[in-house]
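The following paragraphs lead the reader through a structure, beginning with a detail of strand pairing and proceeding to the arrangement of the chains.

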Number of protein chains: 2
Amino acid sequence: MSILVVGSVAFDSVETPFGRVDNVLGGSATYFSTSASFFTDVNLVAVVGEDFPQEHVDFLSSRNIDLQGLAREKGKTFHWQGRYGYDLNEAQTLATHLNVFETFKPRIPATYGGADYLFLANIDPDLQMEVLNQVERPRIIACDTMNYWISSKPEALKRVIERVDIFIINEGEARQLSGEANLVKAARKLLDLGVKTLIVKRGEYGVLMFNRASVFAAPAYPLEEVFDPTGAGDTFAGGFMGYLANTGDTSDEGIRQAIIFGSVMASFNVEDFSLNRLKSLGYEEIEARYRSFKAMTHFQGLPEATTAL
Amino acid sequence: MSILVVGSVAFDSVETPFGRVDNVLGGSATYFSTSASFFTDVNLVAVVGEDFPQEHVDFLSSRNIDLQGLAREKGKTFHWQGRYGYDLNEAQTLATHLNVFETFKPRIPATYGGADYLFLANIDPDLQMEVLNQVERPRIIACDTMNYWISSKPEALKRVIERVDIFIINEGEARQLSGEANLVKAARKLLDLGVKTLIVKRGEYGVLMFNRASVFAAPAYPLEEVFDPTGAGDTFAGGFMGYLANTGDTSDEGIRQAIIFGSVMASFNVEDFSLNRLKSLGYEEIEARYRSFKAMTHFQGLPEATTAL
């Protein structure tokens with residue numbers, strides 16, 4: 001099954017304690033698609049400017065990402081500039097130049113047909129709604145957002161959320177959107193909006209998944225070298241949705257495995273700047289790290305022999 | 001096997017967003033012993049003042065905690081006053097009155113005999129060393145500390161650490177003591193001091209365990225009502241050491257299970273002020289929550305059918 005993703009393709013300039021890069025390939029749809037492409041076909045809808053080099057187009061195509069939905073407009077490509085300190089959980093945005101992204105109107109090419117799996121990356125909730133109105137009901141709709149939209153367009157965002165199956169957000173955003181400091185209460189409120197599965201990203205602390213029947217806690221992979229957390233959330237979402245689309249298993253069990261694949265992909269992505277690590281990544285490495293997650297979280301069930309005093 | 005614990009027995013006055021209590025039973029050795037008492041016999045070494053009521057002595061005795069090592073000195077019992085905001089991970093200390101604890105010299109009663117399992121709760125590392133010098137080498141020595149000792153007595157603390165098997169500290173303390181922002185690097189440095197097992201407590205994010213052969217990540221139990229985090233770390237350590245002493249299984253597998261039992265005990269303790277929740281806790285509840293931890297962390301191993309594109 002193929003995935004349709006609508007989001008940003010961008011240039012990033014990033015500074016971390018370990019180095020800096022200028023005008024490298026970035027954007028939510030880029031990280032998502034590349035990560036998902038290890039598991040399934042991806043159809044991408046985004047916009048770039050005249051300055052977007054063929055080299056990046058070639059890379060995305062080489063990953064079997066369909067680019068008929070990648071519009072090229074007069075002007076410059078979206079550019080984000082940010083910095084991370086030693087606390088790599090928190091980015092400081094130094095500059096955001098929307099450029100061609102400012103007037104972006106997502107148009108789904110007719111050739112993409114019906115999307116079975118749709119990921120609405122972090123864009124204006126009004127645009128997310130426009131996408132929902134352009135497609136027949138996909139089998140699974142997932143979406144992301146950010147603090148900016150929670151503050152500026154909470155009602156538009158809630159209308160989108162009512163129509164999605166899987167909502168993927170940061171811990172702080174879950175608290176902000178629900179108005180609840182306690183994460184379990186926050187999760188309950190967000191599930192009450194109609195979301196079936198809520199995935200709360202907690203950076204280096206991993207992921208919590210809530211649905212009506214169960215809670216799943218996945219750790220992040222403890223890495224000795226975290227070079228650049230940019231794109232980790234979208235890379236997680238790409239691995240997660242990619243695996244779901246690959247297997248078609250959207251049971252609680254299937255979603256848990258997909259969360260681990262998402263966590264695996266994110267753990268690789270932060271090992272280098274931009275998409276450099278994903279570019280050199282092989283599928284055997286993904287499987288090996290999945291096994292490491294399994295080993296890292298393993299413990300035995302309740303032994304029969306335990307007795308209370 | 002019985003456990004010897006040396007630490008504080010105290011009065012706490014605590015304010016959280018959910019209420020406040022004054023002069024309630026607290027202290028590291030109190031939380032540790034009560035928690036461990038669900039799994040094994042405990043011998044306690046601590047000091048209280050003339051104001052320590054019989055009611056608390058009776059409670060500890062009722063938990064099969066041996067109090068021959070609980071010295072009663074002229075003066076008042078150690079009193080800690082603190083406050084938590086909505087971020088329940090961080091206590092703000094409002095007042096610390098050491099009182100009789102200021103001149104505390106731990107003396108291990110001869111009747112305690114050799115200790116198989118020893119827990120050095122968070123006290124002055126010089127006193128921790130005095131305890132080590134009073135006992136024959138226990139089978140397992142675990143110890144805790146705090147930022148105050150890391151800053152004021154780092155060398156004394158390192159001499160203690162060199163002699164312990166299991167070192168249990170907070171994430172921030174691991175970074176502070178090692179001088180490494182990255183937790184994996186921090187863990188490596190602390191293992192290099194001679195510790196066999198390092199347990200890093202991350203509050204609501206759970207626990208990471210490092211040894212030379214493996215890493216284990218355990219989540220915290222996501223609770224809808226966290227009333228008072230006071231004593232959570234010592235309650236964790238009590239459940240952890242209690243289970244180890246109960247089974248005698250100090251293999252990697254046994255330590256992982258003990259970590260889950262510690263996490264279970266801590267998750268109950270924060271549900272009410274002081275030791276109120278532990279007082280009403282039954283062993284069936286402990287087992288039920290252990291099963292919840294198992295369900296919450298479960299995911300299937302790598303499916304054979306997964307194929308890369």
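In this predicted model, R83(B) stands opposite Q92(B), a residue of strand 7 of chain B. The pair belongs to a longer register: strand 6 of chain B, residues 79-84, and strand 7 of chain B are antiparallel to each other and are joined over six bridges. In general, the strands of a sheet pair through backbone hydrogen bonds, in either the parallel or the antiparallel sense.

These two strands are part of an open sheet of four strands in chain B, with the order 3-2-6-7 and mixed pairing. Strand 3 (19-26) and strand 7 (91-97) of chain B are its edge strands, each pairing on one side only. From one strand to the next, the twist averages 15°.

Chain A may be described in corresponding terms. Its open sheet likewise consists of four strands in the order 3-2-6-7, and the pairing is mixed. Strand 3 (19-26) and strand 7 (91-97) of chain A each have a single partner strand, so one side of each is left without a neighbour in the sheet. The twist here averages 15° from one strand to the next. Within this sheet, strand 6 of chain A (residues 79-84) pairs with strand 7 of chain A in the antiparallel sense over six bridges, and R83(A) stands opposite Q92(A) in strand 7 of chain A.

The relation between the chains comes next. Chain B is superposed on chain A by a rotation of 180° with 0.0 Å of shift along the axis, at an RMSD of 0.0 Å. This is the relation of a two-fold axis. Y205(B) is the residue of chain B that comes closest to the rotation axis, its C-alpha lying at 3.1 Å.

How many residues does each chain bring to the contact? Chain B contributes 39 residues and chain A contributes 39 residues. On the side of chain B that touches chain A, at least two residues come from each of helix 7 (183-192), strand 13 (215-218), helix 9 (252-269) and helix 11 (283-297) of chain B. Helix 11 of chain B gives the most, with eight residues. By character, the residues on this side of chain B comprise 23 nonpolar, eight polar and eight charged. Of the interface residues of chain B, 100% are also interface residues in chain A, so the copies meet through the same surface.

Finally, the confidence values: the predictor assigns the complex an ipTM of 0.93 and a pTM of 0.95. Chain A has an average pLDDT of 94, and 98% of the residues score at least 70. Where pLDDT is low, the predicted coordinates should not be read in detail.

Notes. Residues are numbered from 1 along each chain as its sequence is written. Chains are lettered from A and ligands numbered from 1 in the order in which they are written. This is a predicted model: local features need pLDDT of at least 70, side-chain atom pairs count only at pLDDT 80 or more; totals for chains, interfaces and linings use all residues. Copies are superposed by least squares on the C-alpha atoms of residues with pLDDT of at least 70 in both. Two residues are in contact if their C-beta atoms, placed from the backbone, lie within 7 Å. Ala, Val, Leu, Ile, Met, Phe, Trp, Tyr, Cys and Pro count as nonpolar, Asp, Glu, Lys and Arg as charged, and the others, Gly among them, as polar. Two strands pair if DSSP finds at least two bridges between them. Axes are lines fitted to C-alpha atoms, for helices over the stretch in contact, and angles run from 0 to 180 degrees between N-to-C directions. pLDDT is the predictor's confidence in each residue, from 0 to 100.
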